[in-house]
Amino acid sequence: MPAFEDTAARLRACRLCRDSPLYGPPLPQEPRPIVQGSTGARLCVASQAPGTRAHRTGLPFMDPSGVRLRAWLGLDEAQFYDPAKVAIVPMGACFPGLDAKGGDRPPRRECAERWRAELFSGLPDLDLILVIGQYAQGWHLGKPEGGLTGTVRRWRAILSAPRRPRILPLPHPSWRNNGWLKREPWFEAELLPVLKAEVARVLAG
């Protein structure tokens with residue numbers, strides 16, 4: 001079983017979606033795979049794909065979505081970007097480019113197929129995986145019932161399921177989801193306090 005750091009180093013050199021794409025046209029820009037973690041990490045953020053700012057800076061969630069996510073988790077930047085504590089493993093490690101409406105394209109399918117199982121095999125100490133958005137939820141939890149909302153609504157049953165690492169589903173912290181958050185007040189009232197407590201407990205070790 002390769003160490004997470006070794007797999008991540010090979011992933012950062014990957015050019016599969018640009019040079020030998022399996023699904024659709026090549027990646028429209030120079031790949032910049034972004035992943036974070038270490039073999040001893042106990043918390044994992046399983047996300048979608050880097051955005052434009054992450055692509056530019058090389059840091060995941062270095063944008064308003066990241067500010068909101070860190071508030072949800074109760075972590076500051078130093079804690080969030082500590083690879084010894086927090087692994088960040090997106091479905092697609094590179095910014096996938098923009099669609100015709102100016103939104104991010106879906107994560108490249110090649111990335112998860114090639115790298116995801118190997119990355120997680122190098123994280124043997126994980127206690128909790130936070131699965132953000134429909135793509136990560138589909139990979140970790142299987143075909144969703146009722147879409148993202150239905151999945152997140154079942155968060156108690158998913159979190160308490162007898163498996164290790166445990167899983168907690170979340171919506172994407174994008175400001176585009178402000179409407180969703182207003183329509184689903186239980187998320188902030190019921191789920192977020194549990195999320196913060198779980199993150200604190202996991203990182204306290």
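1. In this predicted model, helix H6 makes the largest contribution to the lining of the largest cavity, supplying four residues. Helix H6 spans 109-121, and helix H2 (16-19) is the other element that gives two or more residues to this lining.

2. The largest cavity has a volume of about 110 Å³. Its lining comprises 14 residues, of which Cys 14, Cys 17, Cys 94, Cys 111 and Trp 115 are the closest to the cavity centre. By class, nine of the lining residues are nonpolar, one is polar and four are charged.

3. The model contains two cavities of 30 Å³ or more. The second largest has a volume of about 40 Å³. H6 again deserves attention here: the largest share of the lining of this second cavity, five residues, comes from that helix.

4. The lining of the second largest cavity consists of Leu 11, Val 35, Pro 90, Met 91, Ala 93, Cys 111, Ala 112, Trp 115, Arg 116 and Leu 119. Nine of these residues are nonpolar, none is polar and one is charged. Cys 111 and Trp 115 appear in this list, and both are also among the residues closest to the centre of the largest cavity.

5. Turning to the sheet, four strands form an open arrangement in the order S2-S1-S3-S4, and their pairing is parallel. Strand S2 (86-90) and strand S4 (166-170) occupy the edges; each has a single partner strand, so one side of each lacks a neighbour in the sheet. From one strand to the next, the twist averages 20°.

6. The pairing of S3 with S4 can be described in further detail. Strand S3 covers residues 128-132 and pairs with S4 in the parallel sense over five bridges. Within this pairing, Ile 129 has Ile 167 of S4 as its bridge partner.

7. Helix H7, residues 133-141, packs on the sheet. The strands that H7 touches are S1 (43-47), S3 and S4. The direction of H7 makes about 135° with that of S3.

8. Which helix gives the most to the lining of the largest cavity? That helix is H6, with four residues, and H6 likewise provides the largest share, five residues, for the second largest cavity. In a description of the model, H6 may therefore be discussed with the cavities, as the leading contributor to the lining of the largest one, and H7 with the sheet on which it packs.

Note on methods. Residues are numbered from 1 along each chain as its sequence is written. This is a predicted model: local features need pLDDT of at least 70, side-chain atom pairs count only at pLDDT 80 or more; totals for chains, interfaces and linings use all residues. Side-chain values use heavy atoms; hydrogens and water are left out. On a 1 Å grid over the protein atoms alone, a cavity is a set of points where a 1.4 Å probe fits but cannot get out, and a pocket is an open set with protein on both sides within 12 Å along at least five of seven lines; lining residues have an atom within 4 Å of a point. Grid points are joined across faces, edges and corners, and a volume is the space filled by probe spheres set on the points. Ala, Val, Leu, Ile, Met, Phe, Trp, Tyr, Cys and Pro count as nonpolar, Asp, Glu, Lys and Arg as charged, and the others, Gly among them, as polar. Two strands pair if DSSP finds at least two bridges between them. Axes are lines fitted to C-alpha atoms, for helices over the stretch in contact, and angles run from 0 to 180 degrees between N-to-C directions. Contact means heavy atoms within 4.5 Å.
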